[in-house]
Amino acid sequence: MFEAILMSTDPVRGRTVREALMATGQVSVNRVIDNQPTTYEIVRLLNVTQPDLFVVDLDDGEAIASTLKNVRERSRATGIIAFGSGFGGTQEAADLLGVEAVLPYPVDVPTMMAAIDRAIHDKKGEAIDNLYAFLPAKAGCGTSTLVLNTAARMAGSLGKKTLVFEADLRSGVLGIMIGADQHGGIQRVLELAGYVDTFQWENNITRAHGVEFLLTRRESGGAIPGWHNYHQVLNFARPKYQAILVDLPELVNPATVEIIRRAASTFVVCTPEIAPLTLAKLRCEEIALWGAPRTRIHILLNRAQKGEMNDEEVQKFTGFDVAASFPNDYKNLREAMNCGSVLSAKTALGRSALEFAGQLAGVEVARAQGRLKRFFS
């Protein structure tokens, strides 16, 4: 959960807003300030707590402007939410005061949730430069295969510390593909979210082929994660790895949108038939509607073969860049999967995965047949 400080000199208003914050399921209120603090008290409090959110009552008087100025100067990563009608109670007032959102009082839970989203992403929603999201245009396009083999080449051939994050919570197959004796799972880490530590992380990691995996347990029931759970898990993982690859289900939802919003690149995997190509175009447009810049959305063409649409034709058809194409290598892939292994870089598909991993890692890999093109400047 996000940690918040709430400031209101009116105990009724303070209690009402605190209840709204807690009802979101996204915030824990660690401190309630019921008086006008001095500059020294604000500085000391921020140094000790470093809150994600500072929630303040605008109707507490003119001194609020000074308090907000101190918060903004002393803790630039803290999102500020104000409530009440003081200073006009408008977004124009919010802009003048350096506040991410101004809410009416009393505030309902959906409005509070929208304000939390805005405040957090204004301050901590930047793209993660080592995060890559993968999702299929339709089920069966081979997304998990590409994620697994790219990650294995990233870790094994290029020496990058790599995490694979399985976000298809109900139908993820990575654990089956690697024949893993699974430890813990991604669901547990998402439940812990803001409270996860290194010990808990290690208890839920599965290692195979030089890669660390957070795998799904494919269990029904349990708490449904929200975007805030993914936000906090990604922030924890970000400095620990040189590359984070996320295997997503085909449809983005209000929780997994956090991965899409913050990924350095999102790859929609399709095969060169008309149905998956048409769906790939739709998926890319949907991703853009969720807020991902179009320049960070790419197509991966899987099972490419002569006589089918080539990269240029696919790009023209979908309207999105084809970052890489991968050959159809069913025989070697089946043999690898039957023994829980990954493809050798000596195979056609394994070589393509290595070249693509090199693109992501910014490492020059000699190209065997020049199939892949560089999409990073």
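When I say a residue is buried, I mean its relative accessible area is under 20%; exposed means over 50%, and partly exposed is in between, using a 1.4 Å probe on protein chains only. By that rule C270 is buried, because its relative accessible area is 0%. C339, at 56%, is exposed.

Quick housekeeping. This is a predicted model, so local features need pLDDT of at least 70 and side-chain atom pairs count only at pLDDT 80 or more, while totals for chains, interfaces and linings use all residues. Residues are numbered from 1 along each chain as its sequence is written, and side-chain values use heavy atoms, leaving out hydrogens and water.

Okay, cysteines. A disulfide is a covalent bond between the sulfur atoms of two cysteines; here the cut-off is a pair of cysteine sulfur atoms within 2.5 Å. How many disulfides does the structure hold? Zero. For C270, the nearest cysteine sulfur belongs to C141, and that's 6.4 Å away.

Now the sheet. Helices (H or I, at least four residues) and strands (E, at least two) are DSSP runs, numbered from the N terminus, and two strands pair if DSSP finds at least two bridges between them. Eight strands make an open, mixed sheet, ordered β8-β9-β7-β10-β6-β11-β12-β13. The edges are β8 (206-208) and β13 (322-327), each pairing on one side only. From one strand to the next, the twist averages 25°. For angles, axes are lines fitted to C-alpha atoms, for helices over the stretch in contact, and the values run from 0 to 180 degrees between N-to-C directions.

Zooming in, β7 (residues 162-166) and β10 (residues 243-247) pair in the parallel sense over five bridges, with T162 opposite A243 in β10. Helix α10 (residues 227-237) packs on the sheet, touching β6 (128-136), β7 and β10, and its direction makes about 165° with that of β7. Contact, by the way, means heavy atoms within 4.5 Å. Then there's α12 (residues 274-289), lying across β6, β11 (263-270) and β12 (297-304) at about 160° to β11.

On to helix α3, residues 63-74. Its expected span is 1.5 Å times one less than its number of residues, so these 12 residues should cover 16 Å; the end C-alpha atoms are 17 Å apart, which agrees. Among the buried residues in α3 are I64, L68 and V71.

Last one: N35. Where does N35 lie? In the loop between β2 (27-33) and α2 (39-49). It's partly exposed, at 38% relative accessibility. Leaving aside residues up to four places away in sequence, N35 touches M7 and T9.
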